[in-house]
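Please open the structure in your viewer and keep the sequence beside it, since this tour moves from the whole chain to a few selections.

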Amino acid sequence: VTKQEVDTFKQQLMAINARPIKKIAEARARKKVNAVRRWEKLKAKAQQIVDSSDMRQGEKLRAVEKLYRKGNPAQQEKKERKYLVATKGAAKLGKTGFRKLAKTAGGKPYKIVDKRMKADKRGLKIAAKKAKKRQAKRNTKRYSRK
């Protein structure tokens with residue numbers, strides 16, 4: 001086997017590997033088709049609003065803007081959520097204690113959590129990081145032996 005044949009074979013392999021996996025390509029195509037379909041529906045609804053005569057021009061404009069904002073998930077920003085740690089004092093006070101806690105959220109949507117919950121979540125994150133590091137270490141050791 002000559003060096004030139006090996007190079008041509010490598011080039012062919014690289015070309016094959018550069019192509020996306022079939023399932024991924026299909027998923028992307030489905031996503032695109034669904035997006036086009038959603039867009040067409042939005043356009044039809046917007047056209048209905050524009051054609052209706054019972055609305056004023058400003059109302060139509062606002063309605064169409066609202067429609068497009070609602071239909072485009074990329075533009076929707078996630079609501080900020082404030083996590084409030086429930087303390088023993090708040091629990092003793094019952095509903096009034098939790099209302100006092102809620103006031104500290106400053107008008108944002110809030111979720112009341114307890115210390116244990118937060119600590120568990122933090123622990124899981126750390127454990128996942130450690131496992132990732134361990135796995136990376138194992139993989140490098142495995143390939144370095146020869």
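The stops below begin with the overall fold and then turn to charged residues.

**The whole chain**

Begin with everything selected and shown as a cartoon, keeping in mind that this is a predicted model. The secondary structure of the chain consists of six helices and two strands, and if you trace the elements from the N terminus you will meet them in the order α-α-α-β-α-α-β-α. Now switch to a surface view: the accessible surface comes to about 14000 Å², and 56% of this area belongs to carbon and sulfur atoms. How many of the 146 residues count as buried, as a percentage? The share is 9%. If you display contacts between residues at least 6 apart in sequence, 45% of these join residues that are at least 24 apart.

**The positive patch**

Next, select R37, K41, K45, K66, R69 and K70, which gather on the surface in a patch of positive charge. Colouring the helices will help to place this group, as α2, spanning 22–51, and α3, spanning 57–71, each supply at least two residues of the patch. To take one of the patch residues as a landmark, R69 is found in helix α3.

**The salt bridges**

Clear the selection and turn to the salt bridges, of which the structure holds two. For one of them, select R56 and E59, whose side chains meet with a distance of 3.8 Å from N to O. Are these two partners buried or exposed? R56 is exposed, because its relative accessible area is 60%, whereas E59, with a relative accessible area of 32%, is partly exposed.

For the other salt bridge, move to helix α6, which covers residues 115–144, and select R116 and D120 there. These residues lie four apart, which is about one turn of the helix, and the closest N and O atoms of their salt bridge are 3.0 Å apart. With the surface displayed again, R116 counts as exposed because its relative accessibility is 53% and the cut-off for exposed is over 50%. D120, at 39% relative accessibility, counts as partly exposed.

**A last view**

To finish, show the patch of positive charge together with the salt bridge of R56 and E59 and that of R116 and D120, so that the charged groups visited on this tour can be viewed on one screen.

Methods
Residues are numbered from 1 along each chain as its sequence is written. This is a predicted model: local features need pLDDT of at least 70, side-chain atom pairs count only at pLDDT 80 or more; totals for chains, interfaces and linings use all residues. Side-chain values use heavy atoms; hydrogens and water are left out. Buried means under 20% relative accessible area, exposed over 50%, partly exposed in between (1.4 Å probe, protein chains only). Contact means heavy atoms within 4.5 Å. Accessible areas come from the Shrake-Rupley method with a 1.4 Å probe; for residues, only the protein chains shown count as cover. Patches are made of residues with over 30% relative accessible area and no salt bridge: like charges are joined within 9 Å, nonpolar side chains (Val, Leu, Ile, Met, Phe, Trp, Tyr) within 5 Å. A salt bridge is a side-chain nitrogen of Lys or Arg within 4 Å of a carboxyl oxygen of Asp or Glu. Lys and Arg count as positive and Asp and Glu as negative; His and the chain ends are not counted. The place of a charge is taken as NZ of Lys, CZ of Arg, CG of Asp or CD of Glu.
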